[in-house]
Amino acid sequence: MAVRNQLINRSPQAVWAVLADPDLYGEWVVGPSESTPLDQLWPKVGSRLRYTVRLGPWSTAGVTTVRHMERGRELELEASFKALGTARIFLQLRPWGEETLVVCDEHPLRGLGGTLHNPAVEALLQLRHRGMLARLARIVEEHHAEARHA
């Protein structure tokens, strides 16, 4: 199970504002080259985003579905790739003084991803999370700074 933490220099409400904006999803999640909301209810339970992941000439479409949500505190997603199966991604926001500790926990659920899960895959997930959480922090901090100056 790949678990990683990131301290973001903004409030949980500021972090949640970015997580709850489907137009920003492709900017902080590592992998998707484009994403489109399939429902106007994001991030309500059951709402979905469709996205494309490209690796060189290879590309695949996927859908992420919200499985659990506690506004401002938790977002649990199921990412589905046709051939690879599904993965659970759990983001928890914890107040940390004036800042927010974001805990990301991801693991495969079904299909080929779960069958092939091993320590090497865990290491790759850790690298992915490092990049994803750093992007999230940058976007939250920039987005919040723009909102204060508007």
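Two residues are taken to be in contact when their heavy atoms lie within 4.5 Å. By this criterion, among the contacts in the chain of this predicted model that join residues at least 6 apart in sequence, 47% are between residues at least 24 apart. The chain, which has 150 residues, holds four helices and seven strands, and these elements follow one another along the sequence in the pattern β-α-α-β-β-β-β-β-β-α-α. Buried residues account for 40% of the chain, while the area that the chain exposes comes to about 8200 Å², of which carbon and sulfur atoms supply 54%.

The largest nonpolar core comprises 30 residues, and within this core the residues that touch the most other members are V15, L19, Y25, W28, V102 and L136. Two or more residues are contributed to this core by each of the elements α1 (12–19), α2, β3, β5 (74–81), β6 (85–96), β7 (99–110) and α4 (119–149). Helix α4 gives the most, with six residues. The surroundings of V102 can be listed in full: when residues up to four places away in sequence are not counted, V102 touches R4, N5, Q6, I8, V15, L91, Q92, L93, L133 and L136.

Aromatic side chains were examined in turn. A pair of aromatic rings is described by the distance of the centres and the angle of the planes. With ring centres required to lie within 6.5 Å, the count comes to four aromatic pairs. In one of them, formed by Y25 and W28, the ring centres are 5.7 Å apart and the planes stand at 75°, so that the pair is classed as edge-to-face, the cut-off for this class being an angle over 60 degrees. Y25 and W28 both belong to helix α2 (residues 25–28), where they are separated by about one helical turn because they lie three residues apart. Y25 is buried, with a relative accessible area of 5%, and W28, at 2% relative accessibility, likewise counts as buried.

Y25 also pairs with Y51, the ring centres being 6.3 Å apart and the planes at 40°, so this pair is tilted. This second pair links distant parts of the chain, since Y25 lies in helix α2 and Y51 in strand β3 (residues 48–55), 26 residues apart. Y51 counts as buried at 3% relative accessibility. Taken together, ring pairs link Y25, W28, W42, Y51 and F81 into a cluster, and of these residues Y25 and W28 are also among the core residues that touch the most other members.

Key:
Residues are numbered from 1 along each chain as its sequence is written. This is a predicted model: local features need pLDDT of at least 70, side-chain atom pairs count only at pLDDT 80 or more; totals for chains, interfaces and linings use all residues. Side-chain values use heavy atoms; hydrogens and water are left out. Rings of Phe, Tyr and Trp (its six-membered ring) pair if their centres lie within 6.5 Å; planes under 30 degrees apart count as stacked, over 60 as edge-to-face and the rest as tilted. Buried means under 20% relative accessible area, exposed over 50%, partly exposed in between (1.4 Å probe, protein chains only). A nonpolar core is a set of buried Ala, Val, Leu, Ile, Met, Phe, Trp, Tyr and Cys residues joined through side-chain atoms within 4.5 Å. Accessible areas come from the Shrake-Rupley method with a 1.4 Å probe; for residues, only the protein chains shown count as cover.
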